[in-house]
Amino acid sequence: MLTEGDVLNALRSVRDPELGMDIVSMGMIKDLVVKDGEVAFTLELTTPACPFNSQIEQMARSVVEDLPGVRSVSMKVTARVRQGWVGQRMPMEIPGIKNVVAVGSGKGGVGKTTVATNLAIALSETGASVGILDADIYGSSLTRFIRSFRFEVQGKDKILPAEGPLGLKMMSMGLLVPDDTPVIWRGPLVGGAVRQMLTDVEWGELDYLVVDLPPGTGDAPLSLAQTIPITGAIIVTTPQQASLDIAIKALRMFQKLGVEILGIVENMSYYVCPGCGRKEYIFGQGGGARSAEKLDVPLLAEIPLLPQLRENSDNGTPIITTDPTSEAAESFRGLARRVAAALSVVAVRRGAK
Ligand SMILES: Nc1ncnc2c1ncn2[C@@H]1O[C@H](COP(=O)(O)OP(=O)(O)OP(=O)(O)O)[C@@H](O)[C@H]1O
Ligand SMILES: [Mg+2]
């Protein structure tokens with residue numbers, strides 16, 4: 001007679017390609033019922049954005065169907081993002097927020113904000129609940145984007161984040177200071193203010209909070225990395241050697257502080273000739289890939305250089321919403337899938353249930 005143990009044993013042969021662990025050990029099989037050869041269970045994936053989801057689903061279904069004595073298989077598929085900092089000693093707790101993804105860079109102006117915004121929207125598109133925090137108080141174009149949505153201060157000390165496309169929750173440090181005032185804050189002060197943004201803003205339940213960090217390796221990003229619980233960081237660079245060198249420096253700084261590096265994003269990688277469609281590698285080809293290899297971290301995406309991307313982010317309209325079928329939008333979606341998968345790996349490795 002077919003038992004639940006038989007079904008679980010069969011399912012153990014299915015591995016999540018990214019995590020390298022079998023789906024039973026990872027706790028992805030829920031509510032298993034076996035009765036007279038009829039099998040019912042729920043497959044709980046670790047993120048709605050995983051590039052391998054359909055592959056895992058198919059494998060799980062077919063290993064169970066192939067078991068002798070199975071008459072029918074009813075499999076429900078759900079996704080639950082795991083908490084990314086289990087068992088870590090954290091400077092603070094942010095209730096309700098499962099993963100914090102920091103977007104940093106060595107140099108300023110390499111496209112951090114563009115990447116952070118489009119990444120956040122691409123993650124929302126998968127059905128995950130997502131927030132974005134603009135922690136770059138030194139003047140950021142994200143503030144302009146966020147300012148066009150409503151945010152509210154409730155009572156004395158609770159702030160409701162603005163709500164953007166696809167339910168994206170948004171908050172900017174820039175909203176706290178008037179547009180034309182230059183902000184000269186020392187690192188510890190920035191850390192304190194961002195900490196407040198995490199605790200005093202009603203984020204609600206979030207699978208992912210994307211944080212747009214101030215650029216560089218100065219004391220503002222440094223103190224941020226030490227005060228907020230970052231699940232993983234992404235480093236944005238452009239292909240020029242000078243930019244790569246300082247990106248490597250930033251990456252090493254994060255690693256020294258114990259921040260997990262999810263990978264590198266190479267922005268402005270190539271230009272697509274609007275006439276003939278040929279890719280021109282204006283700033284040199286393969287720099288991001290070589291640096292990623294040298295540092296033994298993944299290259300998460302190569303984003304094209306597009307006049308439209310510049311116009312979009314300067315107007316505060318991310319390309320992924322204004323031109324959703326463009327090559328750039330697709331590369332941001334690929335980035336989101338890889339980031340979500342990398343975060344699942346971190347969570348599972350840290351023992352998330
Ligand atoms: N792939 C791209 N193609 C064309 N323009 C781009 C691209 N990525 C970013 N830009 C433009 O480059 C400028 C800098 O981008 P962005 O503001 O995202 O960088 P940043 O790293 O956040 O800068 P800062 O350090 O000032 O915060 C902006 O005008 C933006 O529109
Ligand atoms: Mg920026």
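A residue counts as buried if 20 or more other C-beta atoms lie within 10 Å of its own. In this predicted model, Arg 338 meets that cut-off, because 22 other C-beta atoms lie within 10 Å of Arg 338. The residue sits in helix α11. Its C-alpha atom lies 9.4 Å from that of Pro 298, although 40 residues separate the two in sequence.

With this example in hand, the whole chain can be introduced. The protein has 353 residues, and 46% of them count as buried. Its secondary structure amounts to 11 helices and 14 strands. Many contacts bridge distant parts of the sequence: among those between residues at least 6 apart, 77% join residues at least 24 apart.

The interior comes next. The largest nonpolar core contains 92 residues, and Leu 119, Val 210 and Val 339 have the most contacts inside it. Helix α11, which spans residues 327-349, gives this core 12 residues, the most of any contributor. Both domain 1 (4-79) and domain 2 (100-349) are represented in the core, each with at least three residues. A closer look at Leu 119 shows how some of these parts meet: leaving out residues up to four places away in sequence, Leu 119 touches Val 210, Phe 332, Leu 335, Ala 336 and Val 339.

Attention now turns to ligand 1. This ligand is surrounded by 21 residues, and the closest of them are Gly 108, Lys 112, Thr 113, Thr 114 and Arg 310. Four elements supply at least two residues each to the shell: helices α3 (112-125) and α9 (307-315), together with strands β12 (261-272) and β14 (299-305). Helix α9 provides the largest share, with four residues. By character, the shell is made up of 10 polar, seven nonpolar and four charged residues.

A final site of interest is Asp 22, which belongs to the loop between α1 (4-11) and β1 (29-35). Is this residue buried, exposed or partly exposed? Asp 22 has 15 other C-beta atoms within 10 Å and is therefore partly exposed, since that class lies between the limit of 12 or fewer for exposed residues and that of 20 or more for buried ones. Beyond its neighbours within four places in sequence, Asp 22 is in contact with Arg 12, Val 14 and Arg 15. For one of these partners, Arg 12, the C-alpha atom is 5.4 Å from that of Asp 22, with the two residues 10 apart along the chain.

How values were computed:
Residues are numbered from 1 along each chain as its sequence is written. Chains are lettered from A and ligands numbered from 1 in the order in which they are written. This is a predicted model: local features need pLDDT of at least 70, side-chain atom pairs count only at pLDDT 80 or more; totals for chains, interfaces and linings use all residues. A residue is near a molecule or strand if its C-beta atom, placed from the backbone, lies within 6 Å of it. Ala, Val, Leu, Ile, Met, Phe, Trp, Tyr, Cys and Pro count as nonpolar, Asp, Glu, Lys and Arg as charged, and the others, Gly among them, as polar. A nonpolar core is a set of buried Ala, Val, Leu, Ile, Met, Phe, Trp, Tyr and Cys residues joined through C-beta atoms within 7 Å. Domain bounds come from an automatic or database domain assignment. Two residues are in contact if their C-beta atoms, placed from the backbone, lie within 7 Å.
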